[in-house]
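Hi there,

Here is the structure I promised to send over. Have a look at it first, and then read on for what turned up.

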Amino acid sequence: MVARAALVRAKVPPAEVKIAAVGGDRDRFTALLGGVVDAAVVSNEYLPLPSVKSMRVLVEAREVLPQFLRFCTLVTGKTLNERREDLIRFMVAQMKALRYAVTHRDETIALAREATGAKPDDPRPAFVYEEGLKPGVVDPDFSIPVESLIWSQDQMIALGQLAKGGDINRLIYPEIRKEALARIGN
């Protein structure tokens, strides 16, 4: 979606570009480094790496898709009906974890290093942490941005990735979030 939106913005006809599925972020970054692809959409976590110095950022995703949601918690209707209490506890844990993370920089970066196997001199955990603190990136209260969901659906239709839209309100179930917030005193 980012690649397609960037091409539209740059007024590059789709026929002039071959879009290939190369894998996840790491695979796309490796393909770019190895010259397998000429350009790739990758996470900004790679920006602080020394190997990126010979590359140029053409566009940031937030420029071409400013209301794009980076994170959503999705469950099936069956899970919602059968495991409501588990979902509430999961949301409580997520909210508490994010609240802790955004107020405990060093501990969070250390945990990220441990979880990813990053070496002590790898700049990415600190970079990603700082990026996450920018407004609108991480929301410890898991707000439900209905406007952004509608906007994303409209973009997917415009980019040909979705044939038609639907009722966004049928996708949203705010009660789990409300109960989780009540339990943690918010």
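The second largest pocket has a volume of about 170 Å³. This is a predicted model, so please read everything below in that light. Around the pocket you will find Arg4, Leu7, Val8, Val12, Pro13, Pro14, Val17, Ile19 and Leu159. By type, that lining comprises eight nonpolar residues, no polar ones and one charged one.

Leu7 is a good place to start from there. It is one of the residues lining this pocket, and it sits in helix α1, which covers residues 2-9. Is Leu7 buried or exposed? Its relative accessibility is 18%, and because buried means under 20%, Leu7 counts as buried. Setting aside residues up to four places away in sequence, Leu7 touches Val12, Val17 and Ile19, and those three are also on the list of lining residues. For a sense of distance, Leu7 and Gly34 are 27 residues apart in sequence, with their C-alpha atoms 23 Å apart in space.

Stepping back to the overall picture, the protein has nine helices and zero strands. Read from the N terminus, the order is therefore simply α-α-α-α-α-α-α-α-α. The C-alpha trace spans about 50 × 45 × 25 Å along its principal axes. Of the 186 residues, 23% are buried. The protein exposes about 13000 Å², and carbon and sulfur atoms supply 56% of that area. If you take the contacts between residues at least 6 apart in sequence, 63% of them join residues at least 24 apart.

Two residues, Val2 and Val64, show contacts of that kind, so to speak, in person. Val2 belongs to helix α1 and is buried, with a relative accessible area of 19%. Leaving out residues up to four places away in sequence, Val2 touches Val41, Ala61, Val64 and Leu65. Val2 and Asp122, by comparison, are 120 residues apart in sequence and 26 Å apart in space, C-alpha to C-alpha.

Val64 is found in helix α3, and its relative accessibility of 11% makes it buried. Which residues does Val64 contact, leaving aside its neighbours within four places in sequence? They are Val2, Ala5, Ala6, Arg9, Val59 and Trp151. The C-alpha atoms of Val64 and Ala10 are 9.9 Å apart, with the two positions 54 residues apart in sequence numbering.

Next, two helices with a buried side. Helix α2 runs over residues 25-33, and its buried residues are Phe29, Ala31 and Leu32. Why do they line one face of the helix? Looking down the axis of α2, its buried residues fall within an arc of 160°, so they line one face. Just after α2 comes Gly35, which takes a positive phi of about 75°.

Helix α7 covers residues 124-132, and here the buried residues are Pro125, Tyr129, Glu131 and Gly132. Seen down the axis of α7, these fall within an arc of 165°, so they too line one face of their helix. As for what lies over them, the cover includes α3 (61-64), α5 (84-103) and α6 (105-116). Helix α3 is the one that holds Val64.

Finally, you may like to look at two backbone angles in the loops. Lys11 has a phi near 60°, a positive value in a residue other than glycine. Lys11 lies in the loop between α1 and α2, and its relative accessible area of 75% makes it exposed. Phe142 also has a positive phi, of about 50°, although it is not a glycine. Where is Phe142 placed? Phe142 is in the loop between α7 and α8 (146-158). Unlike Lys11, which is exposed, Phe142 counts as buried, at 11% relative accessibility.

If you open the model, the pocket lined by Leu7 and its companions is a handy first view, and the buried face of α7 a handy second one.

Best wishes

Key. Residues numbered from 1 in each chain as written. Predicted model: local features only at pLDDT ≥ 70, side-chain atom pairs only at ≥ 80, totals over all residues. Heavy atoms only, no water. 1 Å grid on protein atoms, 1.4 Å probe; cavity = no way out; pocket = protein on both sides within 12 Å on 5 of 7 lines; lining within 4 Å. Points joined across faces, edges and corners; volume = space filled by probe spheres on them. Nonpolar A, V, L, I, M, F, W, Y, C, P; charged D, E, K, R; others polar. Helix = DSSP H or I, 4+ residues; strand = E, 2+ residues; numbered from the N terminus. Buried < 20%, exposed > 50% of the residue type's maximum accessible area, 1.4 Å probe, protein only. Contact = heavy atoms within 4.5 Å. Areas by Shrake-Rupley, 256 points an atom, 1.4 Å probe, with all protein chains shown as cover. Arc of directions from axis to C-beta.
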